[in-house]
Amino acid sequence: MMMTDFAPTLSLPLAIARGQMLAQIRHFFAQKNVLEIQTPILSHAGNTDVYIQSVQTWFHQAGKPTTGYLHTSPEFAMKRVLADYRVPIYQLCQVFRDDEKGKKHNIEFTMLEWYRPDFDLDMLADELHELLCVVLNRPLTLHRLSYAQSFLDKLHIHPFSASIQTLKDTALTHGITLDMGDDRQGWLDLLFSHLIEPDLGFDAPTLVVDYPVATAALAKTAIDADGHVVARRFELYINGIEIANAYDELADGNELAKRFMDDNAKRTQLGLPAMPIDTRLLSACQHLPACSGIALGVDRLFMVRECLADISEAMMFTTDKA
């Protein structure tokens, strides 16, 4: 590849391989009669998640200046579609998350998201397994590991019962000096991302299941075998990289509204802007069929498939070169 200031960071051979992978994904879902849809990238509502920042933009609608947001995921719009169509749907699209930069991060990236009415998480995991075998072109075994067991195995503490002081001491013992204050989930996220995540999924792709309820986002909750309330979700890790995130989807509009408002309250406490809530999604929830859904990072999956060390090698242009 010619090294110039205008050239793509994705080489031609890898561009061909990436195109083939996208074709494989579309063929996979076509065979299963899952409908491909496209929803808007630009929305009037934003993501209230404290740890995900939306890219804000301005436009004119009927001559009136309007604030909008580039979606961090097509989830909200896809659930509105699902509530009306009530059939399996998927989407391949560009999504945006502000201030993201690193070997595995970029502000703009490609996401595959799909929703399956009447699928539970086990059925969705089986379908994910099928897709991985096709895209990675080899037979695979998925390893399952509970969030709690990952802490017990690596750090010898139970994430649901350890005190904040224990979490802080564990971080300091391992040379982590960041201070999350009284934010219990913040400490757990810190320990997981620094000490547990980098070792996941090397022997086999690994599904981490039964997350803390504080991470439920748009997922249902359940009681695990030890009596702890957990989020009905899983995340897929391969070679220390988070690839996908799946939920047993919450269809309670009132509970969802409460979670959005709680998010905004926490955002205000942290000095972050409160985000406009998607009221159309809340209305759609009363019509949403029982379903599970999953979001998968296409660029990261391509990194794994091609043994790439940096996401810049997996996409045409990173944001700093766009």
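**Close-up views of a predicted model**

**Figure 1. The β3–β4 hairpin.** Gln61 has Lys64 of β4 as its bridge partner. The model shown here and in the other views is predicted. Strand β3 covers residues 55-61 and strand β4 covers residues 64-70. The two strands are antiparallel and are paired through 7 bridges. Together β3 and β4 make a hairpin, with 2 residues between them. Ala62 sits in the turn. Its phi is positive, at about 55 degrees.

**Figure 2. Strand β12, enclosed.** Strand β12 spans residues 291-297. Of its 7 residues, 7 are buried, so the strand is largely enclosed by the rest of the structure. Buried here means under 20% relative accessible area. In a regular strand, side chains alternate between the two faces of the sheet. Both faces of β12 are covered. One side carries Cys291, Gly293, Ala295 and Gly297, all buried. The other side carries Ser292, Ile294 and Leu296, also all buried.

**Figure 3. The strand partners of β12 around Ile294.** Strand β6, residues 105-117, is joined to β12 by 7 bridges. These two strands run antiparallel. Within β6 and β12, the view centres on Ile294 of β12, with Trp114 opposite. Strand β11, residues 241-248, is joined to β12 by 5 bridges. β11 and β12 also run antiparallel. Ala246 stands opposite Ile294 as well.

**Figure 4. The surroundings of Asp299.** Asp299 belongs to helix α9, which covers residues 298-306. Is Asp299 buried or exposed? Asp299 is buried: its relative accessible area is 1%, and the cut-off for buried is under 20%. Leaving aside residues up to four places away in sequence, Asp299 touches Arg18, Phe109 and Thr110. Asp299 also touches Ile311, Ala314 and Met315.

**Figure 5. Helix α1 packed against helix α9.** Helix α1 runs over residues 12-31. The axes of α1 and α9 are 11 Å apart, and the helices pack at an angle of about 115 degrees. The crossing of α1 past α9 is right-handed. From α1, the contact takes in Leu14, Ala17, Arg18, Gln20, Met21, Leu22 and Gln24. From α9, Val298, Asp299, Phe302, Arg305 and Glu306 take part. By residue class, the contact holds 6 nonpolar, 2 polar and 4 charged residues. Asp299 and Arg18 both belong to this contact, and these two residues touch.

Terms used
Residues numbered from 1 in each chain as written. Predicted model: local features only at pLDDT ≥ 70, side-chain atom pairs only at ≥ 80, totals over all residues. Heavy atoms only, no water. Buried < 20%, exposed > 50% of the residue type's maximum accessible area, 1.4 Å probe, protein only. Helix = DSSP H or I, 4+ residues; strand = E, 2+ residues; numbered from the N terminus. Pairing = 2+ DSSP bridges. Contact = heavy atoms within 4.5 Å. Axes fitted to C-alpha atoms, helices over the stretch in contact; angles between N-to-C directions. Left-handed = near helix turned anticlockwise from the far one by under 90°. Nonpolar A, V, L, I, M, F, W, Y, C, P; charged D, E, K, R; others polar.
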